Amino acid sequence: QVQLVESGGGLVQAGGSLRLSCAASGLTFSSYAMGWFRQAPGKEREFVAAIRRNGIITNYVDFVKGRFTISRDNAKNTVYLQMNSLKPEDTAVYYCAARQGDYTPNYDYWGQGTQVTVSS
């Protein structure tokens, strides 16, 4: 079965950095576009970043542009989210997700999430 397992979350001070990883198994990783989402307490889940299958084209939500970088290693079946200049408002559970192809609207698979807490 398909599994997406996030890691790398934790507690960090404002201005610090974290690197999230998401290891995928049970699917042909290079056939899937990947995304990162987050959900803060009391809020809806929101899109953060996505990367196409070739690892070249990426897109970000405005409030993380210039601070977060999404990347992938198709040889390792892993997608990353490098988060710099973290702010308290970045505190959330971060989820990775996979969708087959680059243009399908919905994500097919989701991880269990990893907690990121940014202290002020």
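This briefing covers the nonpolar core, a buried glutamate, the aromatic pairs, the salt bridges and one strand contact of the structure above. The model is predicted. Its largest nonpolar core has 30 residues, and the structure holds five salt bridges. The aromatic pairs also number five.

**Nonpolar core**

- Within the largest nonpolar core, the residues that touch the most other members are Met34, Trp36, Val79, Leu81, Met83 and Tyr94.
- At least two residues of this core come from each of β3 (18-25), β4 (32-39), β5 (46-51), β7 (68-73), β8 (78-83), β9 (92-100) and β11 (114-119).
- In general, nonpolar side chains of soluble globular proteins tend to be buried together.
- Beyond four places in sequence, Tyr94 touches residues including Leu20, Trp36, Phe37, Val48, Phe68, Leu81, Met83 and Val116.
- Charged residues also appear among the contacts of Tyr94, including Glu6 and Arg38.

**Glu6**

- Glu6 sits in strand β1 (residues 3-7).
- Glu6 is buried but forms no salt bridge, and Arg45, the nearest side chain of opposite charge, is 8.8 Å away.
- A polar atom of the Glu6 side chain lies 3.0 Å from the backbone nitrogen of Gln112.
- The Glu6 side chain also reaches the backbone nitrogen of Gly113, at 2.9 Å.
- Not counting neighbours within four places in sequence, Glu6 contacts Ser21, Cys22, Trp36, Tyr94, Tyr95, Cys96, Gly111, Gln112, Gly113 and Thr114.

**Aromatic pairs**

- Phe37 and Tyr107 form an edge-to-face pair, because their planes stand at 85°; the ring centres are 5.1 Å apart.
- Phe37 is in strand β4 and Tyr107 is in the loop between β9 and β10 (109-110), so this pair ties together parts 70 residues apart in sequence.
- Both Phe37 and Tyr107 are buried.
- Phe37 and Trp110 make a tilted pair, with 4.8 Å between centres and 55° between planes.
- Trp110 belongs to strand β10 and Phe37 to strand β4, so the parts tied together by this pair are 73 residues apart in sequence.
- Phe37 counts as buried because its relative accessibility is 10%, whereas Trp110, at 30%, counts as partly exposed.
- Phe37, Phe47, Tyr107 and Trp110 are linked into a cluster by ring pairs.

**Salt bridges**

- Side chains of opposite charge can pair when their charged atoms come close.
- Arg38 forms a salt bridge with Glu46 at 2.8 Å, N to O, and another with Asp90 at 2.9 Å.
- The pair of Arg38 and Asp90 links distant parts of the chain, 52 residues apart: Arg38 lies in strand β4 and Asp90 in the loop between β8 and β9.
- Arg38 is buried, with a relative accessible area of 6%, and Asp90 is buried at 1%.
- Glu46 is partly exposed at 30% relative accessibility.
- A network of salt bridges links Arg38, Glu46, Arg67 and Asp90.
- Lys65 and Asp62 form a salt bridge, with the closest N and O atoms 3.1 Å apart.
- Lys65 is partly exposed, with a relative accessible area of 48%, while Asp62 is exposed at 59%.

**Val118**

- Val118 lies in strand β11 and is buried, with a relative accessible area of 6%.
- The C-alpha atoms of Val118 and Pro88 are 4.7 Å apart, although the two residues are 30 residues apart in sequence.
- Leaving aside neighbours within four places, the contacts of Val118 are Val12, Gln13, Ala14, Leu86, Lys87, Pro88, Asp90 and Thr91.
- Asp90 thus appears both among the contacts of Val118 and in a salt bridge with Arg38.

Notes
Residues are numbered from 1 along each chain as its sequence is written. This is a predicted model: local features need pLDDT of at least 70, side-chain atom pairs count only at pLDDT 80 or more; totals for chains, interfaces and linings use all residues. Side-chain values use heavy atoms; hydrogens and water are left out. A nonpolar core is a set of buried Ala, Val, Leu, Ile, Met, Phe, Trp, Tyr and Cys residues joined through side-chain atoms within 4.5 Å. Buried means under 20% relative accessible area, exposed over 50%, partly exposed in between (1.4 Å probe, protein chains only). Helices (H or I, at least four residues) and strands (E, at least two) are DSSP runs, numbered from the N terminus. Contact means heavy atoms within 4.5 Å. Lys and Arg count as positive and Asp and Glu as negative; His and the chain ends are not counted. A salt bridge is a side-chain nitrogen of Lys or Arg within 4 Å of a carboxyl oxygen of Asp or Glu. A polar contact is a pair of N or O atoms within 3.5 Å; within protein, one must be able to donate a hydrogen and the other to accept it, and residues adjacent in sequence count only if both atoms are side-chain atoms. Rings of Phe, Tyr and Trp (its six-membered ring) pair if their centres lie within 6.5 Å; planes under 30 degrees apart count as stacked, over 60 as edge-to-face and the rest as tilted.
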